[in-house]
Amino acid sequence: MIRLLAALLLLIALPAKAEEIVLGLSRDQVAITANFDGSDILIFGAIKREEAIPTDSELGVIVTIAGPDQPVLIRRKDRKFGIWVNTESVAVDVAPTFYAVATTAPLSDILDPIEDTNTRISISKAIRSVEAAQSDTQQFIDALVRIRSSQELYQVLEGAVDLEDETLFRTHVTLPSNLTEGDYRAEIYLTRDGQIVDLYSTTIPVKKVGLERWLYNLAHDNALMYGLMSLAIAIGAGWGASAAFSLLRR
């Protein structure tokens with residue numbers, strides 16, 4: 001919510017647009033089913049202009065996809081008396097469950113650090129903690145980024161946006177199978193000289209469908225019925241396996 005508000009304030013602050021994004025998506029929603037093993041989203045578009053292409057600066061394109069924000073408690077384990085135990089911890093107030101940043105060039109080359117601080121485009125800026133003033137907090141945040149990067153939940157894709165004639169752009173982002181359900185924000189930024197000149201934002205719903213949705217709702221809305229149904233299925237499966245085994249022994 002804070003990041004969206006910052007983006008809206010940025011839109012108000014931007015001057016009259018000489019360059020404007022016209023966006024397309026390969027899909028406008030992602031359905032999570034029992035055999036869901038991830039999904040690719042193709043993001044493509046064009047840049048509409050009222051004037052000739054500026055020749056005194058280089059155009060940069062940044063594409064971000066962010067999953068729902070959630071608080072995270074990060075713990076550090078140390079070995080004491082022969083066992084691993086939790087020692088220190090840091091509470092992160094806002095951390096996206098999924099975050100991908102795709103760019104036409106290294107992010108530091110096309111985005112001014114002040115703009116990054118204001119819009120929270122880079123992964124390190126997207127994670128916020130009230131304990132950030134503590135000297136060792138960044139170590140915990142770095143550990144969170146490292147863990148989620150290994151799970152493909154955090155992705156930095158520098159150079160992955162193809163830009164043709166400073167007019168047409170395209171990229172694709174791979175969503176892993178371990179996604180959190182919710183609304184995912186897709187945002188595209190145009191930059192020149194490190195400054196953002198245009199922003200386009202849209203939402204991609206990621207939801208369970210079919211039987212998975214029914215079971216999810218049942219487990220959360222009627223836990224007793226879900227438990228009784230699970231017990232009945234387990235008893236039925238056990239009885240069926242026992243009967244089949246008995247037939248095979250004859």
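Me: What share of the 250 residues of the protein counts as buried, and what makes a residue buried?

Reply: Of the 250 residues, 37% count as buried, a word reserved for a relative accessible area under 20%, with over 50% called exposed and anything in between partly exposed (1.4 Å probe, protein chains only). This is a predicted model, in which local features need pLDDT of at least 70 and side-chain atom pairs count only at pLDDT 80 or more, while totals for chains, interfaces and linings use all residues. Residues are numbered from 1 along each chain as its sequence is written, and side-chain values use heavy atoms, with hydrogens and water left out.

Me: How do you know where confidence in the protein is lowest and where it is highest?

Reply: The guide is pLDDT, the predictor's confidence in each residue, from 0 to 100. The protein averages 80, and 75% of the residues score at least 70. Helix 1 (residues 2-13) has the lowest confidence, at a mean of 52, whereas strand 7 has the highest, at 96.

Me: How many helices and strands are there in the protein, and what makes a stretch count as one or the other?

Reply: There are seven helices and twelve strands, where helices (H or I, at least four residues) and strands (E, at least two) are DSSP runs numbered from the N terminus.

Me: Why is Thr-103 called buried?

Reply: Thr-103 has a relative accessible area of 1%, and is therefore buried. Thr-103 belongs to strand 7 (residues 99-103), and its contacts (heavy atoms within 4.5 Å) include Val-61, Ile-110 and Leu-157, leaving aside residues up to four places away in sequence. Tyr-99, also found in strand 7, counts as buried because its relative accessibility is 1%. The C-alpha atom of Tyr-99 is separated by 9.2 Å from that of Tyr-184, 85 residues apart along the chain.

Me: Why is strand 11 said to be largely enclosed by the rest of the structure?

Reply: Ten of its eleven residues are buried, so strand 11 is largely enclosed.

Me: How do you know that strand 4 and strand 11 are joined?

Reply: Two strands pair if DSSP finds at least two bridges between them, and eight bridges join strand 4 to strand 11, which run antiparallel. One of the partnerships links Val-61 with Leu-190 in strand 11.

Me: What makes strand 1 and strand 9 the edge strands of the open sheet of four strands?

Reply: The order in that open sheet is 1-3-10-9, with antiparallel pairing, and strand 1 (19-25) and strand 9 (162-164) each pair on one side only, as edge strands. The twist averages 20° from one strand to the next, with axes being lines fitted to C-alpha atoms (for helices over the stretch in contact) and angles running from 0 to 180 degrees between N-to-C directions. Seven bridges pair strand 1 with strand 3 (residues 39-49) in the antiparallel sense, and Glu-19 has Arg-49 in strand 3 as its bridge partner.

Me: What makes a set of residues a nonpolar core, and which members of the largest one touch the most others?

Reply: A nonpolar core is a set of buried Ala, Val, Leu, Ile, Met, Phe, Trp, Tyr and Cys residues joined through side-chain atoms within 4.5 Å. In the largest, of 25 residues, Phe-98, Phe-169 and Ile-188 touch the most other members. Strands that each supply at least two residues of this core include strand 1, strand 10 (168-175) and strand 12 (195-208). Apart from it lies another core, of 24 residues, among them Val-72, Val-101, Phe-140 and Leu-199. Phe-169 touches, among others, Ile-21, Ile-43, Val-61 and Ile-188, not counting residues up to four places away in sequence.
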